[in-house]
2 protein chains.
Amino acid sequence: MTRSTAAGAGVRRGRPPRGASQLSRDAIVDATLEVVDADGVAGVSMRSVARVLGVDAKSLYNHVDGKDGLLDAVAEHLLGGVSIPPATGDIRVDLPAIADAFRERALLHPEAAPLVLTRRLASFEGLAPVEALLGMLRSAGCSTGESVHLVRFLVASLIGTLLREVQAGPTLGISDQDGIAARQRTLEDSGLPHVIEAAPRLARFDRDAEYRYTVQAATALVLDRVRASRA
Amino acid sequence: MTRSTAAGAGVRRGRPPRGASQLSRDAIVDATLEVVDADGVAGVSMRSVARVLGVDAKSLYNHVDGKDGLLDAVAEHLLGGVSIPPATGDIRVDLPAIADAFRERALLHPEAAPLVLTRRLASFEGLAPVEALLGMLRSAGCSTGESVHLVRFLVASLIGTLLREVQAGPTLGISDQDGIAARQRTLEDSGLPHVIEAAPRLARFDRDAEYRYTVQAATALVLDRVRASRA
DNA sequence: ACCTGAACACCGTTCAAGT
DNA sequence: ACCTGAACACCGTTCAAGT
């Protein structure tokens, strides 16, 4: 049913062989993503993942460090797959390209996005975007120190934006016309003057438009910072 | 042992009366925060919270909508307590003041911060900061549309930053000298030239300094946006 | 080297009964 | 109106045994 079209960059494509004892870390991660796509992160249990593989839950412990390790592995698998196009030297092109690559990968399995965005922020699987951002800033003339600060700011902003994008998915968005109306009414009942004034706009949420605004604002900020660094 | 000094703004102070049937939504939220402070969000279960109150776990269902509703209530309780100082009319003062108020409240119970920052991003308990930000931007001359976009960007950036601040708490930070060294070594082993160059700076993380950088960058961005809006 | 049966100490939640 | 006993269908994880 959920037959996701784009699987990882892995070798094996379809669902892993059931019943056969073909267990491997990769197969387990794939099976977990199958569960996540179907039932969300909350649906992941050692037992539910094992069921997909036609195997006993305890067998997973031979390949993965408990449930926590399993979820880490999933986050790492997704983060590790970020592939960034070569730099052009123009920040107005390269910054959006890096952000897009990260976003695309993080939203590959929307239900898994919170995992990718909140777990392992300190991990080293997600270093590709950091390397690209650092390279961009350094060759634009920023100091190493300024570059590191700026990279952290950019990553944090992007993560915050994507986290809301994912959360807003079902609840807000254009899809749910009644939800928007109800939401607007709640906002208007808040008694806060500026919230009331902005209620029609606060009630709706266009994911792509919000993302583009974030990237554009971030780009402007970086350009400003680079200009200041040069002076 | 964990005797947190600053409790909420609630009326009752100490631990709720044990054994007595004094159950109430507020008492349950307080008890949950006690568990969170001691054992983290992962330590929260209907049974562990009930144990703090000297009550059967099932009794909680009379006041709270399951475990999910309980965690929502905790997030709302914390978010609802944000109190923002009156505006001065100077963005360079007011924006940091709003951010500080939000941060202070979100980090009141550090272990509960992920709850506050990720749950209920669409909630209406956290409207006070939104109202303050909208007011600031509108009276600075931004259109309603631009103000809404900007508020979303600012909130997302702040949430992303605070989320990392909380995550970085135990692992990075100044505290763990060996951790920093190990982390630096890993970065240097990545093979990524700019990551290697920046490794000493990437390895350490000063929470307050990073937060200040975020607020300052955000302030600069807003000032720039306001200037553009006027022209 | 890897899989599993037995086992343990947990979970969230419903519902009918009690007071 | 609110609390609980009995009950159900789950959890994660260990360990000793099997192959």
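Angles between helix axes that are under 35 degrees count as roughly parallel, those over 145 as roughly antiparallel, those from 65 to 115 as roughly perpendicular, and the rest as oblique. The legends below describe a predicted model, in which local features need pLDDT of at least 70, side-chain atom pairs count only at pLDDT 80 or more, and totals for chains, interfaces and linings use all residues. Residues are numbered from 1 along each chain as its sequence is written, chains are lettered from A and ligands numbered from 1 in the order in which they are written, and side-chain values use heavy atoms, with hydrogens and water left out.

**View 1. Helix α6 of chain A packs against helix α9 of chain B.** Helices here are DSSP runs (H or I, at least four residues), numbered from the N terminus. The axes of α6 (residues 127–139) of chain A and α9 (residues 193–203) of chain B lie 9 Å apart at an angle of about 95 degrees, where each axis is a line fitted to C-alpha atoms over the stretch in contact and angles run from 0 to 180 degrees between N-to-C directions. The helices α6(A) and α9(B) are therefore roughly perpendicular to each other. Among the residues in contact (heavy atoms within 4.5 Å) are A:L127 and A:V130 of α6(A), together with B:P193 and B:H194 of α9(B).

**View 2. Chain A and chain B can be superposed by a rotation.** A rotation of 180 degrees, with 0.0 Å of shift along its axis, places chain A on chain B with an RMSD of 0.0 Å, the fit being by least squares on the C-alpha atoms of residues with pLDDT of at least 70 in both copies. The two copies are thus related as by a two-fold rotation axis.

**View 3. Residues of both chains surround DNA strand C.** There are 13 residues around this strand, and the closest are A:S59, A:H63, B:R47, B:K58 and B:Y61; a residue is near a strand if one of its heavy atoms lies within 4 Å of it. Polar contacts (pairs of N or O atoms within 3.5 Å) include one of 2.9 Å between a phosphate oxygen of DNA strand C and a polar backbone atom of B:K67.

**View 4. Residues of both chains surround DNA strand D.** Here 13 residues surround the strand, and A:R47, A:K58, A:Y61, B:S59 and B:H63 are the closest. A phosphate oxygen of DNA strand D lies 2.7 Å from a polar side-chain atom of A:Y61, while a polar backbone atom of B:D56 is 3.1 Å from a phosphate oxygen of DNA strand D.

Technical notes:
Helix = DSSP H or I, 4+ residues; strand = E, 2+ residues; numbered from the N terminus. Polar contact = N/O pair within 3.5 Å; in protein donor to acceptor, adjacent residues only side chain to side chain.
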